[in-house]
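Thank you all for coming. Please have the sequence and the 3D view open while I talk, since I will be pointing to residues and elements by name.

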Amino acid sequence: MSAPLLQMRNLRVTFPGPRGPVQVVKGVSFDLGRERLGIVGESGSGKSMTGRSILRLLKPPAKVETDLLRFDGMDLDQLSEKQMRAVRGARISMVMQDPKFSLNPVMTIGTQIAEALRVHEKLPRREIEARVITMLEQVRIDDPRRVVKLYPHEVSGGMGQRVMIAMMLIPQPDILIADEPTSALDVSVQAQVLDLIEAMIAKNGMGLILISHDLELVARYCDRVLVMHRGRVVEELAAGRLHEARHPYTKGLLAAVPQMDERRAILPVLDRAAEYET
Amino acid sequence: MSALSPVPDRSLAARFSDRTGTVLRFVLVTAMTFLGLLAITFFIGRIVPIDPVVAIVGDRASQEVYDATFRQLGLDKPLITQFYLYVRDVLTGNFGMSLSTGRPVVEDLARFFPATFEMATFGIIIGVVLGVPMGVIAAANAGTWIDQVIRVLGLLGYSVPAFWMGLVGLAVFYAGLGWVAGPGRIDIFYDGITPVVTGMLTVDALLDGDVDIFLNALSHLILPSAILGFFSLAYIARMTRSFMLDQLSQEYVITARVKGVSERAVIWKHAFYPIRVQLITVIGLSYAVLLEGSVMIEIVFSWPGIGNYLTTALLSADMNAVLGATILIGTVFIVINRTSDMLYRVLDPRSR
């Protein structure tokens with residue numbers, strides 16, 4: 001494994017609630033090299049908050065604290081907003097869930113992709129255009145010259161997500177955070193998009209954080225898996241060794257996955273009565 | 001078209017017929033709306049308890065005179081014929097005579113409307129130029145003291161009565177500080193010098209090349225316009241703020257931040273572009289309301305505008321003038337609505 005590119009120690013995210021502050025992430029720590037890390041967990045487990053905290057995207061009233069958040073020798077939690085902007089996109093990027101909402105509806109696809117490049121590099125217009133076209137070809141979009149002139153509502157979900165990936169990878173970042181990148185897509189295109197992410201990551205030698213609620217999917221595309229529950233990492237596993245899980249929550253999750261060759265009358269559900277407090 | 005005709009040709013033809021269809025539909029809808037407006041004014045003209053014959057001949061006229069006028073006005077004809085004649089009159093610009101001014105209503109409208117148009121246009125410019133940025137800034141700083149200050153300003157614009165604002169404005173800026181001119185459109189010694197082209201004194205003075213008159217007209221215009229502008233500002237800023245808050249919570253705003261776009265560009269480009277369409281509706285409606293003529297402001301500032309005219313006509317039961325002014329205001333609303341519809345298509349790719 002390569003030297004840690006990103007180190008996070010004891011991340012805590014707190015929101016004010018009607019009955020005092022609510023801590024939604026309660027001390028998450030991990031290292032990331034140029035590898036593929038999966039974060040799984042159910043809704044509200046804090047996995048998305050963890051992803052967004054790396055890019056410092058959470059705005060007040062959310063309170064984000066870390067003992068250490070170091071990326072490539074920089075302490076991200078110490079950077080000014082301006083310095084942080086130079087990291088966003090250019091060094092660490094993020095693909096979000098639904099291209100229907102994550103692309104600006106009134107800007108053409110070409111403009112949006114070009115912007116991702118333009119905010120970081122002063123380049124002549126022709127070169128930017130050429131790189132946008134090349135990037136779209138890389139994410140396997142046919143006829144990119146036509147697509148750059150389209151608006152997001154004129155393309156399908158799968159294509160929108162490939163546009164999103166193109167936009168996020170065009171400044172050649174070191175880390176890509178993919179936050180449920182396929183949850184809003186048809187099953188038939190989910191694998192396409194993930195294969196594309198996997199290929200691009202491998203090609204550019206990047207680090208990937210794949211956030212998902214789908215344990216199987218994360219195991220298939222990642223080297224390492226963090227299982228999060230109620231704001232904590234409850235288990236860390238090599239992707240090939242899911243069956244060795246020891247934590248009751250992970251075991252519960254795995255047990256709830258139906259198998260092709262079995263006949264169970266009732267699928268087991270997570271035992272909520274035994275919520276493992278702390 | 002031959003079977004061999006190339007595909008681009010066909011799509012071009014299709015696109016052309018598409019556009020023709022759009023234009024035709026546009027014209028048809030506008031015409032139908034206008035006809036609806038005429039039907040309503042016609043209907044109002046028939047049901048108000050004012051006898052149009054008595055309004056002309058007076059209540060001491062003999063039965064013969066009454067009957068003759070009744071026939072002369074076409075009131076003996078079937079209703080549908082009357083409506084047809086009414087539409088024909090309106091379309092040829094014949095709104096009848098105004099009883100209170102003794103002039104054709106069309107002439108009156110041509111005199112009074114430009115005054116309102118001038119004030120309303122100035123007012124809406126002030127309202128948009130200040131109101132939109134205020135709303136955006138308030139949304140970008142939601143919950144902070146900046147937001148609070150803008151909210152209070154907006155609330156003032158909303159809740160302070162126009163006549164009070166007009167009187168206080170006059171007391172402070174005219175009588176007290178002498179920064180602006182008093183009521184009326186122009187000082188008495190400049191009155192009637194400028195040849196009438198548009199009916200808007202500032203524009204006419206500029207066309208005439210008379211800077212003194214222009215400045216004088218402007219100093220008369222600025223205070224009432226500013227007060228009108230303040231009202232639309234309050235509404236525009238409030239709506240802008242809520243539209244912006246809506247956009248700022250959208251995912252694509254996060255996308256823009258992820259890309260490393262500066263917060264300024266996130267707000268003014270990514271979040272603001274999509275709300276332009278909604279703003280057009282708000283601004284169009286505010287403008288239409290101002291064009292209706294604010295009676296209070298027009299009275300306080302002795303402004304010979306359409307609001308003043310309409311009120312006077314109403315109080316003297318001058319039906320021709322009332323209906324004429326109503327049709328004019330209705331037309332203004334139709335024009336503004338249709339214009340914003342057209343702008344939608346330009347600004348929102350989703351509605352094309």
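I will begin with the place where the chains touch and then turn to a sheet in chain A. Please keep in mind throughout that this is a predicted model.

Let me start with the interface, where 19 residues of chain B are in contact with 29 residues of chain A. Between them, chain B and chain A bury about 2200 Å², and 63% of that area lies on carbon and sulfur atoms. If you ask which three residues supply more than any others of the area that chain B buries against chain A, they are E251(B), V258(B) and K259(B), which together account for 31% of it.

One of these residues, K259(B), also takes part in a salt bridge with E115(A), in which the closest N and O atoms are 2.9 Å apart. In total, the count between chain B and chain A is three salt bridges, and across the interface there are also nine residue pairs in polar contact, with both residues of each pair at pLDDT 80 or more.

Which elements of chain B give two or more residues to the side that touches chain A? They are helix 10, residues 251-258, and helix 11, residues 263-291, and the largest share, six residues, comes from helix 10 of chain B. Sorted by class, that side of chain B has seven nonpolar, four polar and eight charged residues.

Now let us move to chain A, where six strands form an open sheet with mixed pairing, in the order 7-8-9-3-10-11. At the edges stand strand 7, residues 92-95, and strand 11, residues 232-238, and each of them has a single partner strand, so one side of each is left without a neighbour in the sheet. From one strand to the next, the twist averages 20°.

Within this sheet, strand 3, residues 36-40, and strand 9, residues 207-212, both of chain A, pair in the parallel sense over five bridges, and you can locate this pairing by finding L37(A), which stands opposite I209(A) in strand 9.

Finally, there are helices to look at beside these strands. Helix 7 of chain A, residues 157-169, packs on the sheet and touches strand 7 and strand 8, the latter being residues 175-179, with a direction that makes about 175° with that of strand 7. Helix 8 of chain A, residues 187-204, lies across strand 3, strand 8 and strand 9, and runs at about 160° to strand 9.

Conventions: Residues are numbered from 1 along each chain as its sequence is written. Chains are lettered from A and ligands numbered from 1 in the order in which they are written. This is a predicted model: local features need pLDDT of at least 70, side-chain atom pairs count only at pLDDT 80 or more; totals for chains, interfaces and linings use all residues. Side-chain values use heavy atoms; hydrogens and water are left out. Contact means heavy atoms within 4.5 Å. Buried area is the accessible area (1.4 Å probe) that two parts lose on being put together, summed over both. A salt bridge is a side-chain nitrogen of Lys or Arg within 4 Å of a carboxyl oxygen of Asp or Glu. A polar contact is a pair of N or O atoms within 3.5 Å; within protein, one must be able to donate a hydrogen and the other to accept it, and residues adjacent in sequence count only if both atoms are side-chain atoms. Helices (H or I, at least four residues) and strands (E, at least two) are DSSP runs, numbered from the N terminus. Ala, Val, Leu, Ile, Met, Phe, Trp, Tyr, Cys and Pro count as nonpolar, Asp, Glu, Lys and Arg as charged, and the others, Gly among them, as polar. Two strands pair if DSSP finds at least two bridges between them. Axes are lines fitted to C-alpha atoms, for helices over the stretch in contact, and angles run from 0 to 180 degrees between N-to-C directions.
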